[in-house]
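Subject: Structure for your review

Dear colleague,

Please find below the structure that I am handing over to you. I should be grateful if you would read the notes beneath it with the coordinates open.

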Amino acid sequence: MGRVVLDTSFSSHDAEELWASLTTEEARRLAGLLLYQAAAVDPGAPEAPGVVEVLPVAGDAYAIRIRGHELTVDQPLTDGGKDTAPTPVELFVAAVASCAAHYAGRFLDRHGAGRAGLRVRAQFRMAADRPARVASLSLTVVAPQLPTERPAALRAVVSHCTVTNSMASPPEMELRVSRDGGV
């Protein structure tokens, strides 16, 4: 297992070097906490709701900007990327799963059940034929605090999350190509 080394020295000749050696999981958690704190202190100029901008970073990696937040996508090594981030398809599946988790969490709150142990697991399979697409998607909602008489109600609520509704009734889509940046 590799480790990430964080050197907080101001210059190479600092006498009092301060560094930390972290596992990759610890480094990701620290990065997430730092981003969370930075957003709380300086939220930046919020983008208009309903606007997402994607910009190239390097190779197959792209930065996705959404209302002052930034995500990254990449491709796996086997597909020519550097595997520095999830793929767009994985983010699509993550959107479905996280939407389901949000609806499940709110359901549990409304019914006085705790969210302790709540998790959603998504498994997906790509289509073998064209066009390229997700062929199947399976979600499992684990809700240990769910009252025994509520599984059907939770399933009904989660099955109507906004992302799932958007797949069931796809939005109209328009594609324009511009050379002058006009959006």
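The notes below deal with the pockets, the nonpolar core and the salt bridges.

Please bear in mind that this is a predicted model.

Pockets

The largest pocket encloses about 460 Å³ of space. Its lining is made up of Leu91, Phe92, Ala95, Cys99, Thr162, Val163, Ser166, Met167, Pro170, Pro171 and Met173. Helix H2 (88-110) and helix H4 (162-168) are the elements that contribute two or more residues to this lining. By character, the lining residues comprise nine nonpolar and two polar, with no charged residue.

The second largest pocket holds about 220 Å³. Around this pocket lie Leu139, Thr140, Val141, Pro151, Leu154, Arg155, Val158, Ser159 and Thr164. Strand E7 (134-142) and helix H3 (151-158) each provide at least two of the lining residues, and H3 accounts for the largest share, with four. Here the lining divides into five nonpolar residues, three polar and one charged.

Nonpolar core

In soluble globular proteins, nonpolar side chains tend to be buried together. In this model the largest nonpolar core consists of nine residues, namely Ala100, Ala104, Phe107, Leu108, Ala113, Ala143, Leu146, Leu154 and Val158. Both H2 and H3 supply at least two residues of this core, and the largest share, four residues, comes from H2. Leu154 and Val158 belong to this core and also line the second largest pocket. Ala113, another member of the core, is in contact with Leu108, Gln145 and Pro147 when its neighbours within four places in sequence are set aside.

Salt bridges

Side chains of opposite charge can pair when their charged atoms come close. Four salt bridges were found in a search of the whole structure, and I describe some of them here.

Arg65 and Glu70 are joined through their side chains, with an N to O distance of 3.2 Å. Arg65 is partly exposed because its relative accessible area is 38%, and Glu70 is likewise partly exposed, at 49% relative accessibility.

Arg133 pairs with Asp129, and the closest N and O atoms are 3.0 Å apart. Arg133 counts as partly exposed at a relative accessible area of 35%, as does Asp129 at 44%.

Arg176 forms a salt bridge with Glu174, the closest N and O atoms lying 3.0 Å apart. Both of these residues, Arg176 and Glu174, are exposed.

With kind regards

Definitions and conventions. Residues are numbered from 1 along each chain as its sequence is written. This is a predicted model: local features need pLDDT of at least 70, side-chain atom pairs count only at pLDDT 80 or more; totals for chains, interfaces and linings use all residues. Side-chain values use heavy atoms; hydrogens and water are left out. On a 1 Å grid over the protein atoms alone, a cavity is a set of points where a 1.4 Å probe fits but cannot get out, and a pocket is an open set with protein on both sides within 12 Å along at least five of seven lines; lining residues have an atom within 4 Å of a point. Grid points are joined across faces, edges and corners, and a volume is the space filled by probe spheres set on the points. Ala, Val, Leu, Ile, Met, Phe, Trp, Tyr, Cys and Pro count as nonpolar, Asp, Glu, Lys and Arg as charged, and the others, Gly among them, as polar. A nonpolar core is a set of buried Ala, Val, Leu, Ile, Met, Phe, Trp, Tyr and Cys residues joined through side-chain atoms within 4.5 Å. Buried means under 20% relative accessible area, exposed over 50%, partly exposed in between (1.4 Å probe, protein chains only). Contact means heavy atoms within 4.5 Å.
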